[in-house]
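Welcome! Open your viewer, get comfortable with rotating and selecting, and follow along stop by stop.

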Amino acid sequence: MPSGHQTAPSWPELPTGTQPLPFELDHLLALRVPGLIATRRHLHSHPELSGAEFETAALVARELSLAGLQPRLLPKGNGVICDINGRPDGPVIALRADIDALPLTDVKDVPYRSTVDGVCHACGHDVHTTIMLGVGMLLAQLADLGELPGRVRLIFQPAEEILPCGSLEVIEAGGLDDVVQIFALHCDPNLPVGQVGLRVGPITAAADNVTVRLTGPGGHTARPHLTVDLVDALGRLITEVPTMVSRRVPASSGLLLVFGHASAGTRYNVIPSEASASGTLRVMDRDAWELAPKIVSQVVRDVIAPTGATVDLEYLRGRPPVCNDARAIGVLNAATAAALGPEGVAETPQSMGGEDFSWYLEYVPGALARLGVGRSGPNVDLHRASFDVDERAIPVGVRLMVQTALQALAAAR
């Protein structure tokens with residue numbers, strides 16, 4: 001594994017009520033922790049943007065090969081699928097980790113700060129990747145002993161942060177073939193280490209991208225009556241449309257349209273001939289998500305029509321809500337209690353964030369859990385350039401996902 005930059009923090013004793021992993025895997029995990037921390041810090045220092053995770057995928061493949069496994073790269077070479085083959089008569093369970101980083105400049109003052117300008121792991125995908133590598137190493141040992149009651153497929157997925165979603169690439173490459181259940185973790189800085197957030201039903205929102213381009217004859221600001229005032233039209237778009245769209249669906253749907261970018265003009269005395277705004281539409285309810293493109297299109301055109309501007313609307317479908325299967329959450333509940341004790345399970349609300357793990361759940365049942373990574377002091381939210389984790393969450397995540405695989409294989413037999 002890549003060499004670490006500094007000594008890893010000390011690891012607390014396991015909480016009362018936990019169940020040891022079989023065949024002394026806890027001891028093996030303890031030996032592996034420093035190497036896992038070094039891997040996480042290497043990944044954090046060398047992040048790669050969505051769709052370009054070639055070195056990350058190569059590192060994952062090397063580590064899995066060293067564990068005696070046979071990983072295969074996705075067709076583009078920026079993701080990895082690896083089966084851990086246990087008893088051939090057993091079921092197939094999948095565990096997924098996303099591996100891409102975000103286009104943000106790392107502002108942390110740490111030895112493992114990103115070395116890539118404008119790119120950093122601000123969503124914890126380096127942690128997800130590291131945890132899944134640890135899981136692969138432990139489950140490979142069980143398979144070698146003939147004690148893995150089925151097959152576990154590890155999915156190291158690219159492009160979670162962009163559209164089109166990387167999960168669709170994995171599915172197209174056969175990542176879900178024969179799979180009966182799939183599980184994933186996501187870092188949650190609002191939960192402390194040792195807590196896992198679980199929820200039956202929707203745990204994230206649907207998330208789509210909306211871009212509106214306006215055009216019209218520009219001109220001098222002294223004679224706006226001879227132009228189509230696109231700055232005025234753009235103002236109406238970004239202030240009126242979000243409220244009007246939310247009024248077209250039940251309030252319980254939680255529909256939220258937020259523009260994150262708006263642009264018009266280059267000179268103070270020139271009315272521009274082009275303007276644009278782009279943002280995200282998020283909604284908790286699946287039915288409202290199905291209606292959203294039609295609603296947004298109609299409202300945008302109704303709002304802009306009086307201005308005389310020409311509208312070009314691009315509505316890019318993103319991902320439906322992650323809807324956790326009740327049986328899969330039952331597996332995670334049991335696995336969390338085994339890995340962390342009964343106090344490890346925490347209730348968690350539905351988030352307005354989007355997650356393309358949802359596309360896997362369109363094909364097979366499964367569940368997403370929130371892994372506590374909260375640090376002492378004020379927590380920094382996901383997608384901020386100063387985001388970091390308490391690295392004690394890494395062995396916690398490994399134990400949890402090993403227990404999840406074993407519980408799921410036993411339940412599916």
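How many helices and strands does the protein chain have? Switch to a cartoon view to find them: there are nine helices and 16 strands. Keep in mind as you look around that this is a predicted model.

**The whole chain**

Select everything and zoom out. Along the principal axes, the C-alpha atoms occupy a box of roughly 80 × 45 × 40 Å. The radius of gyration is 24 Å, which agrees with the value near 22 Å that a compact globule of 413 residues would have.

Now turn on a surface. The accessible area of the protein chain is about 17,400 Å², and 52% of that belongs to carbon and sulfur atoms. Colouring by charge brings up 32 positive and 45 negative side chains, with the centres of the two sets 3 Å apart.

**Into the interior**

Hide the surface again and look inside, since buried residues make up 53% of the chain. Of the contacts with a separation of 6 or more, 81% are between residues 24 or more positions apart.

Next, select Val135, Leu139, Phe156 and Phe183. These belong to the largest nonpolar core, a set of 68 residues, and they touch the most other members. Add residues 393–412, and you will have helix H9, which gives the most to this core, with eleven residues. A second, separate core has 54 residues, including Ile155, Ala233, Leu237 and Val364.

Stay with Phe183 for a moment. Which residues does Phe183 contact, leaving aside its neighbours within four places in sequence? Among them are Ile93, Leu95, Arg96, Val331, Phe357, Met401 and Thr404.

**A loop with two things to see**

Move to the loop between strand E4 (151–157) and helix H4 (166–172), where you will find Pro164. Show the backbone as sticks: the peptide bond joining Leu163 and Pro164 is cis, with omega at about -5 degrees.

In the loop between E4 and H4 you can also pick out Ala159. Its phi is near 55 degrees, a positive value in a residue other than glycine.

Is Ala159 buried or exposed? Buried means under 20% relative accessible area, and Ala159 has 1%, so this residue counts as buried.

**Last stop: before the first helix**

Finally, select Glu24, in the segment before helix H1 (25–45). Here phi is near 55 degrees, again a positive value in a residue other than glycine. Exposed means over 50% relative accessible area; Glu24 is at 64%, so Glu24 counts as exposed.

Conventions
Residues are numbered from 1 along each chain as its sequence is written. This is a predicted model: local features need pLDDT of at least 70, side-chain atom pairs count only at pLDDT 80 or more; totals for chains, interfaces and linings use all residues. Side-chain values use heavy atoms; hydrogens and water are left out. Helices (H or I, at least four residues) and strands (E, at least two) are DSSP runs, numbered from the N terminus. The radius of gyration is taken over C-alpha atoms; the globule rule is 2.2 Å times the number of residues to the power 0.38. Buried means under 20% relative accessible area, exposed over 50%, partly exposed in between (1.4 Å probe, protein chains only). Contact means heavy atoms within 4.5 Å. Accessible areas come from the Shrake-Rupley method with a 1.4 Å probe; for residues, only the protein chains shown count as cover. Lys and Arg count as positive and Asp and Glu as negative; His and the chain ends are not counted. The place of a charge is taken as NZ of Lys, CZ of Arg, CG of Asp or CD of Glu. A nonpolar core is a set of buried Ala, Val, Leu, Ile, Met, Phe, Trp, Tyr and Cys residues joined through side-chain atoms within 4.5 Å.
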